[in-house]
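Me: I would like to learn how to read a protein model feature by feature. Could you take me through one, with the general idea first and then the case at hand?

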Amino acid sequence: MKIQFVTGKGGVGKSAVAAALALRSAQSGKRTLLVELGGQSFFQHSLQTESITYTPTLVRPNLSIALWSGPECLKEYALHLLKIPQLYQLFFENAVSRSLINVAPALPELAILGKITSGPPRNVGPALPFDCLVVDAFASGHFLALLQAPVGMAEAIKMGPMAEQSRGIQAVMRDPKISEYFVVSFPEELPVVEGLDLWQKIQAQVGIKPVAVYNRCLPDLDYLSESSPGLRPWAEQMKQSLTQQKRFAKEWVQAGVNPLILPWVAQTTRGSAWPFVEALAQDPAWSALHV
Amino acid sequence: MFDQLAKAKVLICVGSGGVGKTTVAAALAALFASQGRRVLVLTIDPAQRLKTTLGLPDSGEEVRIQGPGLKTETLYGAVINAKATFDDFVSRAVTGAGLGKDVAERILRNKLYLQLSTTLSGSQEFTSLERLYSAVNSGLYDLVVLDTPPTQHAIDFLQAPQKLAALFNDKISQWFRQTESKTGWLRSVVHAGTVQVLGALERLTGSEFMRELRDFFQSLEGWQGRLEDRVTAVHRLLVDPDTHFVLVTSFDAAKLQEADFFAREIRKGGYQLSRVLINRAFPLWRERLTREEDRRLVETPISALSPQLQLARQMLLQDDLRSQQYQEFVQMMARQCPVERLPELGEDVSDIEGVLHLQSYLMRQGDSK
């Protein structure tokens, strides 16, 4: 089982990259689950699929999508551990415990990670019949908080089931044979600076070097040579963006990271974003990855 | 464009992460300051370059913003330090309730509080509203513009303080206190249901976690009302007729759909959504393209175009689609609130020049109406 976490600053195209990764994995014959976190499905609208819920929905051969929220993951875990449905109902239908669960520090985060890492070697709860999980994870700060949840919990609480779970989750997330991390950015200062910072923090936290994905890059062309007078403003803009793109790429390289460069892909048709995801998934740059 | 907002005392910029809220908030603040009003912009985690060029200190202090090209002397700014503000609020609430400093320290040291006061659980949202509330009540400003913390969905921001208040709710603490009987906790027979629920929680989490949890709730005793009061007062400020929400969004079908949903929710909550700003909605170069050039690109067979021109054509087609989608979106939102587009400036906007450029664009839109 492989788990691929995809993160980055908001708006960098995390979800598209996650979908492309998942599609590639499915096309290579692996049973793949694309996981969305939170309460609302993004892919249901953008990929125009059937309704996406906690239970995986098959959307393509070998490719399913699921939407996992903290409270739902916690519920499943509780049922697994308590085993008595009445007790579980009593617990989750109690107004006070409900509001507690909503905000109890790191509990929902821990439950989400517990669910993601519930397959082998932990084998906690219901079986996850997939070879690869691609997690369209939270943006930078929130993702770090997610990573921190089992660490903080294991430090705060040293004994009991919670501590045991936290340690098990951590072990999976630090295992390079299972877990992979992708930090997505694109050629602008904030996404790059935040991306680099995130890249370093993830590595420090889990000891695994994330893959840096430099998304929406322009092809390296001589734009000014092609321009008729009418296209001059466009060509100048492209040249400026390209210069900036190269400058930020250098920042990644200087930090010792060789980013995987993905192209800017236009969205020119209405309807499902599948053609967009397919175009992104077909890019030759991916071959640098050992998928 | 912004006549309706001329009397606003509070502007809250909401939107999901990465849409450019901070820059838009700063540009709006600069715009109103240029009309002579004393404006404070409260930002959360701005880009280093923006922080540097605006001269905002990390201490969180409110300072006057000066900069090349800035033609106003009434623009102020501050960075919100969430953890420090939250700790400070808790300390003040505890001592204000007549409890000792040791009580405050006990809370600040509680392991669960430490997790609570980080980015999780809505404390950041609560903190930014707390800071807004203090700034408005200081009477120093005519207008306070708040840039909100990055959330996955725009609506998360509004729900966070209530969620946090629910945790600090007296009922939960009582619940933990009631189970603390003289014969030891979980032995009370008074609330059998409660005991069972707590028992379930303990089986799930372990006794050590429960001890921390109990300690946390017990330490809230005597001052938690202050947090609830503040949440109520903040809510009153948010529904005030002089408080306006501005939704900043990017151009993305899913985000626009969310904007519609958000507009409804925000109304349901009794708040005023006064503007939707779609950031980076169109490229500036498009305006400067000649008609003939435009048509030539679209009508020439792709195979006859150089790689450069194929890219230009793709960009044109995407922009055409977006223009259509924009018109549809404006119509859809017509009954909710006005919508404006901001251009993709094509330069890095994370500094004061970017802010001023955006401000000039906002102003231009104002002139055309």
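Reply: Happy to: we will go from the overall form of one chain to its core and then to single residues. Please keep in mind that this is a predicted model.

Me: Let's start with the fold. How many helices and strands does chain A have?

Reply: Counting the elements is a good way in. Chain A has eleven helices and eight strands. Next, one can compare the radius of gyration with a rule for globules. For the 291 residues of chain A the rule gives 19 Å, and the model has 21 Å, which is close, so the chain is as compact as a globular protein of that length. Along the principal axes, its C-alpha atoms fill a box of roughly 75 × 40 × 35 Å.

Me: What share of the residues of chain A is buried, and what does the surface consist of?

Reply: Buried residues make up 58% of the 291 in chain A. The accessible surface of the chain is about 11700 Å², and carbon and sulfur atoms account for 54% of that. For charges, you can look at where each sign is centred: chain A has 25 positive and 23 negative charges, and their mean positions are 4 Å apart.

Me: And how do I read contacts along the sequence?

Reply: Look at how far apart the partners are in the chain. Taking the contacts in chain A between residues at least 6 apart in sequence, 72% join residues at least 24 apart.

Me: Now the interior. Which residues touch the most other members of the largest nonpolar core?

Reply: The general idea is that nonpolar side chains tend to be buried together in soluble globular proteins. Here the largest nonpolar core has 90 residues, and A:Trp68 and A:Ile116 touch the most other members. Helix H7 of chain A, residues 140-156, gives the most to this core, with seven residues. Apart from it lies another core of 80 residues, including B:Val24, B:Leu129, B:Val339 and B:Tyr361.

Me: What does A:Trp68 touch?

Reply: Leaving out residues up to four places away in sequence, its contacts include A:Leu33, A:Val35, A:Tyr54, A:Cys73, A:Ile112, A:Ile116, A:Leu128 and A:Leu133. A:Glu36 and A:Lys115 are also among them.

Me: What should I look for in the backbone?

Reply: Omega and phi are good places to begin. The peptide bond from A:Pro120 to A:Pro121 is cis, with omega near 5°. A:Pro121 belongs to the loop between helix H6 (107-116) and strand E5 (132-136) of chain A. For phi, look for positive values in residues other than glycine. A:Arg216, in strand E7 of chain A, is such a case, with phi near 55°. B:Arg280, in strand E9 of chain B, also has phi near 55°.

Me: Are those two arginines buried, partly exposed or exposed?

Reply: The partly exposed class runs from 20% to 50% relative accessible area. A:Arg216 has 32%, so it is partly exposed. B:Arg280 has 25%, so it is partly exposed too.

Me: Where is B:Thr74, and is it buried or exposed?

Reply: B:Thr74 sits in the loop between strands E3 (63-64) and E4 (75-79) of chain B. Its relative accessibility is 19%, so it counts as buried. Beyond residues up to four places away in sequence, B:Thr74 touches B:Ala33, B:Gly36, B:Arg37, B:Arg38 and B:Val39.

Methods
Residues are numbered from 1 along each chain as its sequence is written. Chains are lettered from A and ligands numbered from 1 in the order in which they are written. This is a predicted model: local features need pLDDT of at least 70, side-chain atom pairs count only at pLDDT 80 or more; totals for chains, interfaces and linings use all residues. Side-chain values use heavy atoms; hydrogens and water are left out. Helices (H or I, at least four residues) and strands (E, at least two) are DSSP runs, numbered from the N terminus. The radius of gyration is taken over C-alpha atoms; the globule rule is 2.2 Å times the number of residues to the power 0.38. Buried means under 20% relative accessible area, exposed over 50%, partly exposed in between (1.4 Å probe, protein chains only). Contact means heavy atoms within 4.5 Å. Accessible areas come from the Shrake-Rupley method with a 1.4 Å probe; for residues, only the protein chains shown count as cover. Lys and Arg count as positive and Asp and Glu as negative; His and the chain ends are not counted. The place of a charge is taken as NZ of Lys, CZ of Arg, CG of Asp or CD of Glu. A nonpolar core is a set of buried Ala, Val, Leu, Ile, Met, Phe, Trp, Tyr and Cys residues joined through side-chain atoms within 4.5 Å.
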